[in-house]
Amino acid sequence: MLERLHEHINQELNVNTRTDTIFVVTGIIFNFIMLAISSAMAGEATNAYDGSSNMTASIVLGITMTLSVLINGIAITGLITGRTTREKLYAGLLKMYTDSKVAQYYDASLLSNYTNRYALFMGVIGLLGLASIVIPLVVLFT
């Protein structure tokens, strides 16, 4: 029974890793795309042909900035959920190893390493998301 439980926990950890990878890669790619689109729209909004603002570009800029906030919020929430899930799964594994008297072969400090890694992932996504909003605003207002 313990072997099947161990297998199940490892499968859950693999799913968790794939999901987190999707959140990180999608967040990074999305932010770079939104940075390019938002910067172009900000430039277009301020460079209308008749000297007035371009309403369409302004609307698209507002939509892309809103999407940036929402998508980055979802990605960070997904990573927080992934971190919590991973912590619970590893705590279960560690308990199982302790009960089976093999815990000395598993370094419990791995849990804090994963927590730090998640903080770095969230930092990268958060900073890129912030850049995808702030840079177009600088283009718009300068």
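Q: What phi does Lys101 take just after α2?
A: Lys101 takes a positive phi of about 60° there. A helix here is a DSSP run of H or I with at least four residues, numbered from the N terminus. By the way, this is a predicted model, where local features need pLDDT of at least 70, side-chain atom pairs count only at pLDDT 80 or more, and totals for chains, interfaces and linings use all residues. Residues are numbered from 1 along each chain as its sequence is written, and side-chain values use heavy atoms, with hydrogens and water left out.

Q: What about Lys101, is it a glycine or not a glycine?
A: Lys101 is not a glycine, and still its phi is positive.

Q: Where does Lys101 sit, and is it buried or exposed?
A: Lys101 is in the loop between α2 and α3. Lys101 counts as exposed because its relative accessible area is 65%. The scale goes like this: buried is under 20%, exposed is over 50%, and partly exposed is in between (1.4 Å probe, protein chains only).

Q: OK, helices. How far apart are the end C-alpha atoms of α2?
A: They are 66 Å apart. That agrees with expectation, because the 45 residues of α2 should span 66 Å at 1.5 Å a residue. The expected span is 1.5 Å times one less than the number of residues.

Q: And how does α3 do on that test?
A: α3 agrees too: its 32 residues should span 46 Å, and its end C-alpha atoms are 46 Å apart.

Q: Which residues of α3 are buried?
A: Tyr114, Tyr118, Met122, Ile125, Gly129, Ser132, Ile133 and Pro136 are the buried ones in α3.

Q: What covers them?
A: The cover for the buried residues of α3 includes α1 and α2.

Q: Switching topic: which residues make the largest nonpolar core?
A: There are 10 residues in that core: Ile9, Leu13, Leu89, Tyr90, Leu93, Met96, Tyr97, Ala103, Tyr106 and Tyr114. A nonpolar core is a set of buried Ala, Val, Leu, Ile, Met, Phe, Trp, Tyr and Cys residues joined through side-chain atoms within 4.5 Å.

Q: Which helix gives the most to this core?
A: That's α2, with five residues. Both α1 and α2 supply at least two residues each.

Q: Which residues is Leu93 in contact with?
A: Leu93 is in contact with His6, Ile9, Asn10 and Leu13, if you leave aside its neighbours within four places in sequence. Contact means heavy atoms within 4.5 Å.

Q: How many residues are in the second, separate core?
A: Six, and among them are Val24, Leu79, Tyr118 and Met122.

Q: Let's go to Leu140. Where is Leu140, and what does it touch?
A: Leu140 is in helix α3, which runs over residues 110-141. Not counting residues up to four places away in sequence, Leu140 touches Ala42, Ala45, Thr46 and Leu61.

Q: How far apart are Leu140 and Ala45?
A: Along the sequence, Leu140 and Ala45 are 95 residues apart, while in space they are 7.1 Å apart, C-alpha to C-alpha.

Q: Then how far is Val15 from Leu110?
A: Val15 and Leu110 are also 95 residues apart along the chain, but 18 Å separates their C-alpha atoms. Val15 is in helix α1 and is partly exposed, since its relative accessible area is 39%.

Q: What about Glu7, where is that one?
A: Glu7 is in helix α1. At 47% relative accessibility, Glu7 counts as partly exposed. From Glu7 to Asp20 is 13 residues in sequence and 20 Å in space, C-alpha to C-alpha.

Q: And where is Glu87?
A: Glu87 is in helix α2. With a relative accessible area of 33%, Glu87 is partly exposed. Glu87 and Thr115 are 28 residues apart along the chain, with 8.2 Å between their C-alpha atoms.

Q: Last thing: how many salt bridges does a search of the whole structure find?
A: The search finds one. The side chains of Asp99 and Lys95 make a salt bridge at 3.0 Å, N to O. The term means a side-chain nitrogen of Lys or Arg within 4 Å of a carboxyl oxygen of Asp or Glu.

Q: Where do Asp99 and Lys95 lie?
A: Both lie in helix α2 (residues 55-99), four residues apart, about one turn of the helix.
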